[in-house]
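Got your viewer open? Load the model shown below and follow along, one selection at a time.

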Amino acid sequence: MSSEISKVRSDGNLYPHQVDDSKLKEELDTLSYQVLRQAATERAFTGEYTDTETIGVYKCKACNAQLFRSETKFHSGCGWPSFYAPTDNKAIEYLEDRSLFPRVRTEVRCANCGSHLGHVFEGEGFDTPTDQRYCINSVAMILEEK
Ligand SMILES: [Zn+2]
């Protein structure tokens, strides 16, 4: 499929973890695969982590990299799990997304494997330390409870 995610990062380097797409497709349910590897979006208010307050670390469902911590999760009301910061800025790759042009969004991918996670929005006025909202698909992540 033409929409599948490239093996190469926006900086020209290969992702440290190379996803075997056919293997992953067998391992995951259809929606998880479509979100991670074809940049689909789960329907709002349907994801299992939208309102979860469980303490733990959210990991990439494709490669297990640590992406977000429950401490930075907040209730935004948008219908998807929302975080104000990643575990580490290096954990995330940011890409300009013009698929809804003229609206330009910032796509968020796993920096380790390139899988699509969601988008990040800024300046919405949420009472968080960064005023950013990482709007992430539940199906792109696995919550490892502490
Ligand atoms: Zn990953």
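**First stop: the hairpin loop**

Select P102, which sits in the loop between strand 5 and strand 6. Helices here are DSSP runs of H or I with at least four residues, strands are runs of E with at least two, and both are numbered from the N terminus. Before going further, a word on the model: it is predicted, so to speak of a local feature takes a pLDDT of at least 70, side-chain atom pairs count only at pLDDT 80 or more, and totals for chains, interfaces and linings use all residues. Residues are numbered from 1 along each chain as its sequence is written.

Now add F101 to the selection and look at the bond between the two. The peptide bond from F101 to P102 is cis, with omega near 15 degrees. For context, most peptide bonds are trans.

Extend the selection to strand 5 (residues 92-100) and strand 6 (residues 103-110), which run antiparallel and are joined by seven bridges. Two strands count as paired if DSSP finds at least two bridges between them. A hairpin of two residues connects strand 5 to strand 6. At the end of the ladder, pick L100 and you'll find R103 of strand 6 standing opposite.

**Walk across the six-strand sheet**

Zoom out a bit. Strands 5 and 6 belong to an open sheet of six strands, ordered 3-4-8-7-6-5, with antiparallel pairing. Its edges are strand 3 (73-74) and strand 5, each of which pairs on one side only.

Step from strand 6 to strand 7: this antiparallel pair has four bridges. To get your bearings, click E107, whose bridge partner in strand 7 is H119. If you show side chains, keep in mind that in a regular strand they alternate between the two faces of the sheet.

Next, follow the chain out of strand 7 (116-122) to D131, in the loop that leads to strand 8 (132-136). What is the sign of phi at D131? Phi of D131 is positive, near 55 degrees, and D131 is not a glycine. Most residues other than glycine have a negative phi. D131 has 13 other C-beta atoms within 10 Å, so it counts as partly exposed. The scale is this: with C-beta atoms placed from the backbone, a residue is buried if 20 or more others lie within 10 Å of its own, exposed if 12 or fewer, and partly exposed in between.

**Over to the three-strand sheet**

Select strands 1, 2 and 9. They form an open antiparallel sheet in the order 2-1-9. Strand 2 (66-69) and strand 9 (141-145) are the edges, each pairing on one side only. From one strand to the next, the twist averages 30 degrees, with axes being lines fitted to C-alpha atoms and angles running from 0 to 180 degrees between N-to-C directions.

Strand 1 (residues 56-60) pairs with strand 9 in the antiparallel sense over five bridges. Pick C60 and look across to M141 in strand 9, which stands opposite.

**Helix 2 and what follows**

Color helix 2 (30-38) by burial. S32, Y33, Q34, V35, L36 and R37 are buried there. Which elements help cover them? Helix 1 (21-27) and strand 7 are among those in contact with the buried residues, a contact being two residues whose C-beta atoms, placed from the backbone, lie within 7 Å.

Just past helix 2 comes A39, with a positive phi of about 60 degrees. A39 lies in the loop between helix 2 and strand 1. Is A39 buried or exposed? It counts as buried, because it has 20 C-beta neighbours inside 10 Å.

**Into the core**

Select C110 and I136, which touch the most other members of the 28-residue largest nonpolar core. Such a core is a set of buried Ala, Val, Leu, Ile, Met, Phe, Trp, Tyr and Cys residues joined through C-beta atoms within 7 Å. Helix 2, strand 1, strand 2, strand 6, strand 7 and strand 8 each give two or more residues to this core. Leaving out residues up to four places away in sequence, C110 touches C60, A62, C63, A65, L67, S115 and L117.

**Last stop: the whole chain**

Show everything again. The protein chain has two helices and nine strands, and both helices precede the strands, α-α-β-β-β-β-β-β-β-β-β from the N terminus on. Of its 146 residues, 34% count as buried. The C-alpha trace spans about 40 × 40 × 25 Å along its principal axes.
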